[in-house]
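Me: I would like a close look at one part of this protein, followed by a connected account of what surrounds it.

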Amino acid sequence: FLPQVDSANAGRVLASDAAVFLKKSGLTDLVLGKIWDLADTDGKGILNKQEFFVALRLVACAQNGLDVSLNSLNLPVPPPRFTDTNSPLLLSGTASNDLPWAVKPEDKARYDAIFDSLNPVNGLLSGDKVKPVLLNSKLPVDILGRVWELSDIDRDGMLDRDEFAVAMFLVYCALEKEPVPMSLPAALVPPAKRKPLSVPGAMPLIPSSTSTKESHQSLPPVGILAAKTPLTQ
């Protein structure tokens, strides 16, 4: 990764170069800001090689649902994933396409029954219809906000049958005290939504130019909830 952001081979990474590269992790700006603060120990806006590796390690922690903290650095995590086709650590399209879907067929049938009971329109459920189901789990609002963000894969403010199954899967994981990941693992992306170059965590950080709203503001379930405020600053 280092040669991609240290083209001058100076052994250090500038904040501007690092920001462009780290955004490819699919993590939110809020999380990336925290990662930078922890890695840039002297606050100079430059990372040396060791500090850059700390940043990469923290990205990997965040992508795997671990706390972004120095305490997480010693925990075993897979390498960080970035949406850069030059990276040797990227899963190729075929690899992610060949992964079996994490949602088991018997669970999918159960989730489909709930989906149908909510009266989908044209095979889609609006945020207003999904929100009561999410809130019924009694999970914290910030967790539910992340569940919605991860499951609305095409960012249209609606969930189709597969996206709803992803949301239910994440809710049940959270109820079992498993951490909800910061970005969607490749195994959880519905096979029908996997693109040739799809990479886990390849979530757009910036809404399309046609939308003047911030991406967080378009999340119906969290729209009226207090968790929205810190996310949109």
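How do the axes of helix 3 and helix 4 run relative to each other, that is, within what distance do they come and at roughly what angle do they cross?

Reply: In this model, which is predicted, the axes of helix 3 (residues 29–39) and helix 4 (residues 49–63) come within 9 Å and cross at roughly 145°, and the crossing is right-handed. Helix 3 brings Val31, Ile35, Leu38 and Ala39 to the contact, while helix 4 brings Glu51, Val54, Ala55, Leu58, Val59 and Ala62; sorted by class, these are 9 nonpolar residues, no polar ones and 1 charged residue.

The UniProt entry, which is unreviewed, lists residues 27–62 and 139–174 under "domain: EF-hand". In the model, the span 27–62 is 69% helix and 8% strand, and its end C-alpha atoms lie 8 Å apart; for the span 139–174 the end C-alpha atoms also lie 8 Å apart, with 69% helix and 6% strand.

As for the wider setting, the largest nonpolar core has 31 residues, and those with the most contacts inside it are Leu134, Val147, Phe164, Leu170, Leu184 and Leu188. Two or more residues each come from helix 6 (105–117), helix 7 (127–135), helix 8 (141–151) and helix 9 (161–175), and helix 9 gives the most, with 10 residues. Neighbours within four places in sequence aside, Leu188 is in contact with Trp101, Ala102, Val103, Val166, Phe169 and Leu170. Apart from this core lies another, of 21 residues, which includes Phe21, Leu32, Val54 and Leu73; of these, Val54 also belongs to the contact of helix 4 with helix 3.

Methods: Residues numbered from 1 in each chain as written. Predicted model: local features only at pLDDT ≥ 70, side-chain atom pairs only at ≥ 80, totals over all residues. Heavy atoms only, no water. Axes fitted to C-alpha atoms, helices over the stretch in contact; angles between N-to-C directions. Helix = DSSP H or I, 4+ residues; strand = E, 2+ residues; numbered from the N terminus. Left-handed = near helix turned anticlockwise from the far one by under 90°. Contact = heavy atoms within 4.5 Å. Nonpolar A, V, L, I, M, F, W, Y, C, P; charged D, E, K, R; others polar. Core = buried A, V, L, I, M, F, W, Y, C linked by side-chain atoms within 4.5 Å. Buried < 20%, exposed > 50% of the residue type's maximum accessible area, 1.4 Å probe, protein only. UniProt positions renumbered as here; feature names shortened; annotations may be inferred.
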